[in-house]
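I sat down with this model and a fresh page to look up a few helices, a pocket and one side chain. Here are my notes, in the order I took them.

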Amino acid sequence: MAEQSLEQLEQEFHQIVSGIHPADVVTKGNAQKKWNSIAKPLHSLGKLEDHIMQIAALTGDTDVNLNRKALIVMCADNGVVEEGVTQTGQEVTAIVAENFLKGATSAAIMCQSAEVDLFPIDIGMVRDTRVPNYKVAYGTKNMVKEPAMTREEALQAILTGVHLVKEKKEAGYQILATGEMGIGNTTTSSAVASVLLDESVETMTGRGAGLDSAGLRRKICAIKTAITKNKPNADDPVDVLAKVGGFDLAGLVGIYLGGAYYHVPVIMDGFISAVAALAAVQMCNKVREYIIVSHVSKEPGM
């Protein structure tokens with residue numbers, strides 16, 4: 001993205017949000033009639049059938065075609081790892097991100113099996129790698145000591161996600177899935193969710209990739225300190241992302257907003273992408289119609 005002022009970023013962001021329209025209920029009804037005319041028990045395909053109706057409504061086309069599928073994985077580092085809130089070191093982010101390119105991750109293997117094209121995106125890793133560079137900055141700041149990012153950086157990350165949806169739609173992709181890689185991002189996600197849902201940090205925080213009890217206590221303490229120090233405004237999700245979020249989270253918010261703006265269905269993955277979806281829906285409630293929820297993870301905040 002070309003460098004833009006805060007005013008320009010805000011203007012583009014509000015243009016996207018205000019340009020999101022509800023899904024087409026007429027097309028959804030027509031798609032339902034079409035499916036009901038097929039020789040099968042009514043609604044016998046359950047949630048699969050519901051999702052097809054949903055996709056028809058948001059694309060405005062009863063002939064649902066999902067032949068071209070993509071997974072976008074936002075990769076970024078989080079300064080809060082300095083507080084000992086993770087099981088592994090920050091260097092793991094770049095290692096796993098490059099493994100996406102090699103096909104050496106579980107997500108990559110599943111993508112190969114499902115004929116899904118995988119696009120890892122460096123939206124804010126502390127190292128440069130072979131992963132395509134859309135970097136907003138070299139990692140966020142430590143939110144325990146200062147805001148994780150500036151408002152400009154948060155908006156830039158969000159708009160990067162929006163632009164990626166446009167890019168993939170123009171390339172012929174008909175459905176997108178969300179993913180992320182960033183050591184420390186269950187900490188940022190728990191912080192954002194706690195603020196946006198007005199829930200206690202303890203309720204929203206889990207062990208992530210496998211923290212022991214002492215690590216969990218450090219994680220909860222770090223989140224509480226960050227929220228107290230930075231005072232994120234729960235009525236302004238951009239402010240929350242900037243103060244206690246991460247570039248990967250903000251980029252995923254942009255994927256959801258872009259999906260709604262460009263009429264591309266987006267599949268929500270686990271806890272981190274769910275928190276990004278929450279922020280996107282709080283920015284524009286109509287976005288929820290464009291999101292397909294894949295599962296409910298065991299993270300307590302989910």
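Before checking any helix, I wrote down the yardstick: the expected span of a helix is 1.5 Å times one less than its number of residues. I also noted at the top of the page that this is a predicted model.

**Entry 1, helix H12.** I applied the yardstick to H12, residues 271–283. This helix has 13 residues, and its first and last C-alpha atoms are 18 Å apart, close to the expected 18 Å. Next I looked up burial, where the cut-off is under 20% relative accessible area. H12 turned out to be mostly covered, with 11 of its 13 residues buried. Among them I jotted down Phe271, Ile272, Val275, Val281 and Met283, plus the alanines Ala274, Ala276, Ala277, Ala279 and Ala280.

**Entry 2, helix H2.** I gave H2, residues 25–36, the same test. Its 12 residues should span 16 Å at 1.5 Å a residue, and I found its end C-alpha atoms 16 Å apart, so the two agree. Which residues of H2 are buried? I found Thr27, Ala31 and Trp35. Looking down the axis of H2, I saw that its buried residues fall within an arc of 75 degrees, so they line one face of the helix. That buried set packs against helix H3 (46–59). On the other side of H2, I listed Val25, Val26 and Lys33 as exposed. At the start of H2, I noted that a side-chain oxygen of Asp24 comes to within 3.0 Å of the backbone nitrogen of Val26.

**Entry 3, the largest pocket.** I looked up the volume and got about 600 Å³ for the largest pocket. Its lining has 25 residues, and those nearest its centre are Leu71, Ala107, Met110, Thr178 and Asp269. I then asked which elements give two or more residues to this lining. They are strands E1 (69–76), E3 (175–181) and E4 (266–268), together with helices H4 (91–102) and H5 (106–114). E3 gives the largest share, seven residues.

**Entry 4, Asp122.** Last, I turned to Asp122, which sits in strand E2, residues 116–124. Is Asp122 buried or exposed? I read a relative accessible area of 0%, so Asp122 is buried. A polar atom of its side chain lies 2.8 Å from the backbone nitrogen of Met125. Leaving out residues up to four places away in sequence, I found that Asp122 touches Cys75, Arg127, Val131, Pro132, Asn133, Tyr134 and Lys135.

Definitions and conventions
Residues are numbered from 1 along each chain as its sequence is written. This is a predicted model: local features need pLDDT of at least 70, side-chain atom pairs count only at pLDDT 80 or more; totals for chains, interfaces and linings use all residues. Side-chain values use heavy atoms; hydrogens and water are left out. Buried means under 20% relative accessible area, exposed over 50%, partly exposed in between (1.4 Å probe, protein chains only). The arc is that of the directions from the helix axis to the C-beta atoms. Contact means heavy atoms within 4.5 Å. A polar contact is a pair of N or O atoms within 3.5 Å; within protein, one must be able to donate a hydrogen and the other to accept it, and residues adjacent in sequence count only if both atoms are side-chain atoms. On a 1 Å grid over the protein atoms alone, a cavity is a set of points where a 1.4 Å probe fits but cannot get out, and a pocket is an open set with protein on both sides within 12 Å along at least five of seven lines; lining residues have an atom within 4 Å of a point. Grid points are joined across faces, edges and corners, and a volume is the space filled by probe spheres set on the points.
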